[in-house]
Every structure is written in structure tokens, then in C-alpha cells.
Amino acid sequence: MSVKDEEFKTKIYDLMNGSYNLEEYPVAESSVVKDEFAEGEYCEKLYSQMLEAYERVCRRLGLPDTEDKDVEIIISNLMSIGRYQSMKMFDYGVLFYRKRK
């Protein structure tokens with residue numbers, strides 16, 4: 001894929017993750033792509049549960065109101081894996097779409 005396609009995939013990914021302030025910076029694709037972290041959405045609920053679990057782990061470790069380096073690494077790497085897989089799924093979708101033509 002070209003650099004332009006990578007930019008497009010990143011834009012879609014960022015829209016899904018609520019990374020844009022659409023009031024200040026409108027993005028045309030936002031009329032089609034849903035913010036999966038918007039209040040009440042599936043990912044927002046999962047993220048809230050994750051944050052609550054994270055806080056409980058930190059309290060058990062005796063680190064209330066702080067961050068644990070290992071837990072941060074786990075969360076960061078899981079988010080990176082999810083992003084990587086999302087981008088690959090987009091590529092596979094394009095590949096299979098083109099094969100069916």
C-alpha cells in the first residue's frame with residue numbers, strides 16, 4: 001500500500017478511537033466511522049472496566065494513585081497489538097475485496 005493508504009488507515013483507526021476533536025477539526029469520514037470509545041459504546045465500557053481493574057491492582061501492590069510500570073507495559077503492548085491487527089485486517093479486507101472483483 002502507498003503512504004497515502006497508510007495515512008487513510010490511520011485516519012480511520014483514529015476516528016474509531018475518538019482521537020479527533022471533530023468540533024474543531026471535522027473529518028469527512030466521521031459521517032461513516034463511529035467512535036467506538038464514545039460514552040456507552042462497547043470499547044468505552046471495556047476500557048472503563050480495565051481502568052477499574054488497573055486501580056485495584058495498584059492498590060493491592062501498595063501503589064494507590066500511582067502507576068505500576070509492568071501493568072503500563074502490558075496495557076501499552078496490548079493496545080499496540082490491537083492497532084497492528086486493525087491495520088492488517090484493513091489490508092486483508094482490501095486484498096480479499098480486490099480478489100473478488
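Select Lys-9 and Glu-6 to start: being three residues apart in helix H1, they are separated by about one helical turn. (Helices here are DSSP runs of H or I with at least four residues, and strands are E runs of at least two, numbered from the N terminus.) An α-helix has 3.6 residues a turn, so residues three or four places apart point the same way.

Before moving on, a word about what is on screen: this is a predicted model, where local features need pLDDT of at least 70 and side-chain atom pairs count only at pLDDT 80 or more, while totals for chains, interfaces and linings use all residues. Residues are numbered from 1 along each chain as its sequence is written, and side-chain values use heavy atoms, with hydrogens and water left out.

**Stop 1: around Lys-9**

Show the side chains of Lys-9 and Glu-6, and you'll find them joined in a salt bridge, 3.0 Å from N to O. The term means a side-chain nitrogen of Lys or Arg within 4 Å of a carboxyl oxygen of Asp or Glu. Is Lys-9 buried or exposed? Lys-9 is buried, at a relative accessible area of 3%, whereas Glu-6 is partly exposed at 36%. (Buried is under 20% relative accessible area, exposed is over 50%, and partly exposed is in between, using a 1.4 Å probe and protein chains only.)

Now add Asp-91, which also forms a salt bridge with Lys-9, the closest N and O atoms being 2.7 Å apart. This pair links distant parts of the chain, with Lys-9 in helix H1 and Asp-91 in helix H3, 82 residues apart. Asp-91 itself is partly exposed, with a relative accessible area of 22%.

**Stop 2: further along H1**

Stay in H1, which covers residues 3-16, and pick Asp-14. Which side chain of opposite charge is nearest to Asp-14? It's Arg-83, 5.4 Å away, and Asp-14 is buried yet has no salt bridge. (For charge, Lys and Arg count as positive and Asp and Glu as negative; His and the chain ends are not counted.) Leaving aside neighbours within four places in sequence, Asp-14 touches Ser-19 and Tyr-20, where contact means heavy atoms within 4.5 Å.

**Stop 3: the loop between H1 and H2**

Next, click on Val-32, in the loop between H1 and H2. Val-32 counts as exposed, at 72% relative accessibility. Try a distance from there to Asn-17: the two are 15 residues apart in sequence and 14 Å apart in space, C-alpha to C-alpha.

Then select Lys-34 and Glu-41, a salt bridge with its closest N and O atoms 3.1 Å apart. Lys-34 is partly exposed at 43%, and Glu-41 is partly exposed too, at 24%. Looking back at the first stop, salt bridges that share partners join Glu-6, Lys-9 and Asp-91 into one network. By this rule, the salt bridges come to four.

**Stop 4: H2 and what follows**

Colour H2 and check its ends: at 1.5 Å a residue, its 19 residues should span 27 Å, and the end C-alpha atoms are 27 Å apart, which agrees. (The expected span is 1.5 Å times one less than the number of residues.) After H2 comes Gly-62, with a positive phi near 80 degrees.

Go on to Asp-65, in the loop between helix H2 (42-60) and H3. Asp-65 has a positive phi of about 60 degrees although it is not a glycine, and Asp-65 is exposed, with a relative accessible area of 85%.

**Stop 5: a patch on the surface**

Finish with Tyr-92, in helix H3 (residues 69-100). Tyr-92 is partly exposed, with a relative accessible area of 46%. Which residues make the nonpolar surface patch here? Select Met-89, Tyr-92, Leu-95 and Phe-96, and you have a patch of about 440 Å².

Notes:
Patch = residues over 30% accessible without salt bridge, like charges linked within 9 Å, V, L, I, M, F, W, Y side chains within 5 Å. Areas by Shrake-Rupley, 256 points an atom, 1.4 Å probe, with all protein chains shown as cover.
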